[in-house]
Amino acid sequence: MRIVFAGTPDFAVPCLRAASQRGEVVAVYTQPDRPAGRGRGLTPSPVKREALLRGIEVFQPENFKSAVSKDALRALKPDLMVVVAYGLILPQSVLDIPTYGCWNVHASLLPRWRGAAPIQRAIEAGDSESGVCLMQMEKGLDTGPVLLSQSLQIGEQETGGQLHDRLSALGAQVLADGLGLLRADIRPVPQPQPEEGVTYAHKLDKAEARLDWSQPATVLANKVRAFNPWPMAEAVVAGERLRLHGAVALDEAHGAEPGLLIRAGRDGLDVACASGVLRIRVLQREGGKAITAADYLNGRPDLR
């Protein structure tokens, strides 16, 4: 089975490995190299690095608008194209090229959280469950029928980074199951997505990371989890801007102004919210590294 793989970030790498084990990956498509790091040098994507290690030919078109880019894909004679967090919208003319069309591995239980940031939005919304869908791609944004899916429970203190890693591994497993069926000449039956329950996971914006103390503590605690490791929640606490790596919501009544530090101890910094209290357990000062609240207080004797 001739597979063309399209993906870019770390999330897609386990799926590339799974595809390589279940078929012949004849080419990899990934985003063009982008400036990164302090030197802003051009840096290949994680998927490109994995492809080069495996000796797989890599294509990096800016888009698929030109006839040349489509002809190059057509010349590969793909049976299937597997798309995982590629970052480009594929026109119908591209979706029609592979014999079995294009499959997408998406990190949510569709139709909930279509779009760019399903992992973080699920945590931010306080969802107790997430999962992975293997979807037959069509022109709409994550609207295609689902071929296979698996769910998992989101941990009460699980961060965006931790859930990302679990769903990345689960996505590779679901893809491997689907490819195994296709190799056995058993095509997974497409199940149309329900019309009810559609939500959109809009792309993360760094401006969202600034916490608003006029919101409930439960909302802010979810944001802290969701935005770890990027863009990382930020807030002004006791006159200092901090990045928050870990926090929990306390169901505690108070009469304090939102944003006021009402307690500081080894267990955390307790900040008043519109309702409840946010206990900050792990934080980072500007230019510093992540430390516990107890270590932070060693440098802020004025708060003890």
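1. Val13, Leu16 and Arg17 of helix H1 are in contact with Pro46, Val47, Glu50 and Ala51 of helix H2. Sorted by class, this contact between H1 and H2 is made up of 5 nonpolar residues, no polar residues and 2 charged residues. Please keep in mind throughout that the structure discussed here is a predicted model.

2. How are these two helices oriented relative to each other? Helix H1, which covers residues 13-22, and helix H2, which covers residues 46-53, pack at an angle of about 30°, and their axes are 9 Å apart. Because angles under 35 degrees count as roughly parallel, H1 and H2 are therefore described as roughly parallel to each other. The crossing that H1 and H2 make is right-handed.

3. The surroundings of H1 extend beyond its contact with H2, as can be seen from its buried residues. In H1, the residues Val13, Cys15, Leu16, Ala18 and Ala19 are buried, and the elements that cover the buried residues of H1 include E1, E2, H2, E6, E7 and helix H6 (160-183). Val13 and Leu16 thus appear both among the buried residues of H1 and among the residues of H1 that meet H2.

4. Several of the strands just named belong to an open sheet of 7 strands, whose order is E5-E2-E1-E6-E7-E9-E10 and whose pairing is mixed. At the edges of this sheet lie strand E5 (58-59) and strand E10 (146-153), each of which pairs on one side only. As general background, the strands of a sheet pair through backbone hydrogen bonds, and they do so either parallel or antiparallel.

5. One pair of neighbours in this sheet can be followed in detail. Strand E1 (residues 2-7) and strand E2 (residues 24-29) run parallel and are joined by 5 bridges, and within this pair alanine 6 stands opposite tyrosine 29 in E2. Helix H3 packs on the sheet, where it touches E1, E2, E5 and E6, and the direction of H3 makes about 165° with that of E2.

6. Which residues of helix H7 are buried? They are Ala217, Leu220, Ala221, Asn222, Lys223, Val224, Arg225 and Ala226. Because 8 of the 10 residues of H7 are buried, this helix is largely enclosed by the rest of the structure. The buried residues of H7 pack against helix H5 (118-124), H6, E12, strand E13 (240-250) and strand E16 (277-284).

7. Two peptide bonds deserve a careful look, since both are cis and both lead into a proline. The bond between leucine 110 and proline 111 has an omega of about 15°, and proline 111 lies in the loop between strand E7 (102-106) and strand E8 (114-115). The bond between tryptophan 230 and proline 231 has an omega of about 5°, and proline 231 lies in the loop between helix H7 (217-226) and strand E12 (233-237).

8. Two residues with a positive phi are also worth checking, although neither of them is a glycine. Lysine 77 has a phi of about 50° and is found in the loop between helix H3 (67-75) and strand E6 (80-84). Tryptophan 113 has a phi near 60° and lies in the loop between E7 and E8. Are these residues buried or exposed? Lysine 77 is exposed, with a relative accessible area of 63%, whereas tryptophan 113 counts as buried, at 11% relative accessibility.

Terms used: Residues are numbered from 1 along each chain as its sequence is written. This is a predicted model: local features need pLDDT of at least 70, side-chain atom pairs count only at pLDDT 80 or more; totals for chains, interfaces and linings use all residues. Side-chain values use heavy atoms; hydrogens and water are left out. Axes are lines fitted to C-alpha atoms, for helices over the stretch in contact, and angles run from 0 to 180 degrees between N-to-C directions. Helices (H or I, at least four residues) and strands (E, at least two) are DSSP runs, numbered from the N terminus. Angles under 35 degrees count as roughly parallel, over 145 as roughly antiparallel, 65 to 115 as roughly perpendicular and the rest as oblique. A crossing is left-handed if the near helix is turned anticlockwise from the far one by less than a right angle, and right-handed if clockwise. Contact means heavy atoms within 4.5 Å. Ala, Val, Leu, Ile, Met, Phe, Trp, Tyr, Cys and Pro count as nonpolar, Asp, Glu, Lys and Arg as charged, and the others, Gly among them, as polar. Buried means under 20% relative accessible area, exposed over 50%, partly exposed in between (1.4 Å probe, protein chains only). Two strands pair if DSSP finds at least two bridges between them.
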